[in-house]
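Visitor: I should like to understand this model step by step, with each term explained when it first appears. Please start with a single residue and build up from there.

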Amino acid sequence: MNSCSLATCDLHHARTCAFGQPEVAVGLHPGGGGTERLPHLVGRGRALEIVLSGNDFDGDTAERYGYVNRALPEAELDGFVDALARRIASFDQRAITAAKNLVNQVSLPSADQLLGSFSSFQTALTWPEAQQRILKLLARGLQKDGEFERQWPSVLGTLLDA
């Protein structure tokens, strides 16, 4: 899972698995809010480490960095999230909405920032270098081969090797 999908959620709870932003290693940059929201989650330095390295981070590291609120063993995740959601749902809806709006005002990027990022990502998809790297990944098994999917960040630095 990557920060783009995580960054659009209010709370981030995860099984102990891998997290990362592989786009730069693929010849792109994160789109869909990753670069706008990730620094607010983990800080600038860690966001740059995550985005520029293309590495995966385990659940414990993701939790320590602030990438996720909690990394829990799979057996505990559903129960924890269900209990938390039920607790929050028991509170006054107007108070929840007001609190979220106030937090969002200081912590979320503007619609213009997100649109700019999305437009830039669309442009990046046309870059010849990105297209070449994407084709290499697809040829090696991206989106087809489960084993490749589990280890593909390890090959990102060698995509263009002969």
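Visitor: Is F57 buried or exposed, and what is its relative accessible area?
Guide: A residue is called buried under 20% relative accessible area, exposed over 50%, and partly exposed in between, with a 1.4 Å probe and protein chains only. F57 falls under the lower cut-off, so F57 is buried, with a relative accessible area of 8%.

Visitor: What kind of model is this?
Guide: Residues are numbered from 1 along each chain as its sequence is written, and side-chain values use heavy atoms, with hydrogens and water left out. Local features need pLDDT of at least 70, side-chain atom pairs count only at pLDDT 80 or more, and totals for chains, interfaces and linings use all residues, for this is a predicted model.

Visitor: How many helices and strands are there in the chain?
Guide: Helices (H or I, at least four residues) and strands (E, at least two) are DSSP runs, numbered from the N terminus. From the N terminus on, the elements follow the order α-β-β-α-α-β-α-β-α-α-α-α-α. The chain therefore holds nine helices and four strands.

Visitor: Which residues form the aromatic pair with 5.8 Å centre to centre?
Guide: Rings of Phe, Tyr and Trp (its six-membered ring) pair if their centres lie within 6.5 Å, and planes under 30 degrees apart count as stacked, over 60 as edge-to-face and the rest as tilted. By this rule there are two aromatic pairs. The one at 5.8 Å is tilted, with 45° between the planes, and its members are F19 and Y67.

Visitor: How many residues apart are F19 and Y67?
Guide: F19 belongs to strand β2 (residues 19–20), whereas Y67 sits in the loop between α4 (59–65) and β4 (70–72), so that, by the way these elements are assigned, the pair links distant parts of the chain. F19 is buried at a relative accessible area of 0%, and Y67 is also buried, with a value of 0%. Along the chain, F19 and Y67 are 48 residues apart.

Visitor: What is the angle between the planes of F57 and Y65?
Guide: F57 and Y65 form an aromatic pair with 5.7 Å centre to centre, and the pair is tilted, the angle between its planes being 50°.
Its second member, Y65, is buried, with a relative accessible area of 13%; the angle asked for is 50°.

Visitor: Are α2 and α3 roughly parallel or oblique to each other?
Guide: Axes are lines fitted to C-alpha atoms, for helices over the stretch in contact, and angles run from 0 to 180 degrees between N-to-C directions. The axes of α2 (residues 34–42) and α3 (residues 44–53) come within 7 Å and cross at roughly 130°. Angles under 35 degrees count as roughly parallel, over 145 as roughly antiparallel, 65 to 115 as roughly perpendicular and the rest as oblique. The two helices, α2 and α3, are therefore oblique.

Visitor: How many residues of the contact of α2 with α3 are charged?
Guide: Contact means heavy atoms within 4.5 Å, and here L38, P39 and V42 in α2 meet R44, R46, A47, I50 and V51 in α3. These residues divide into six nonpolar, no polar and two charged. Ala, Val, Leu, Ile, Met, Phe, Trp, Tyr, Cys and Pro count as nonpolar, Asp, Glu, Lys and Arg as charged, and the others, Gly among them, as polar, and the number of charged residues is two.

Visitor: What separates the C-alpha atoms of L135 and V26?
Guide: L135 lies in helix α8 (residues 128–140) and is exposed, with a relative accessible area of 59%. L135 and V26 are 109 residues apart along the chain, and their C-alpha atoms are separated by 9.8 Å.
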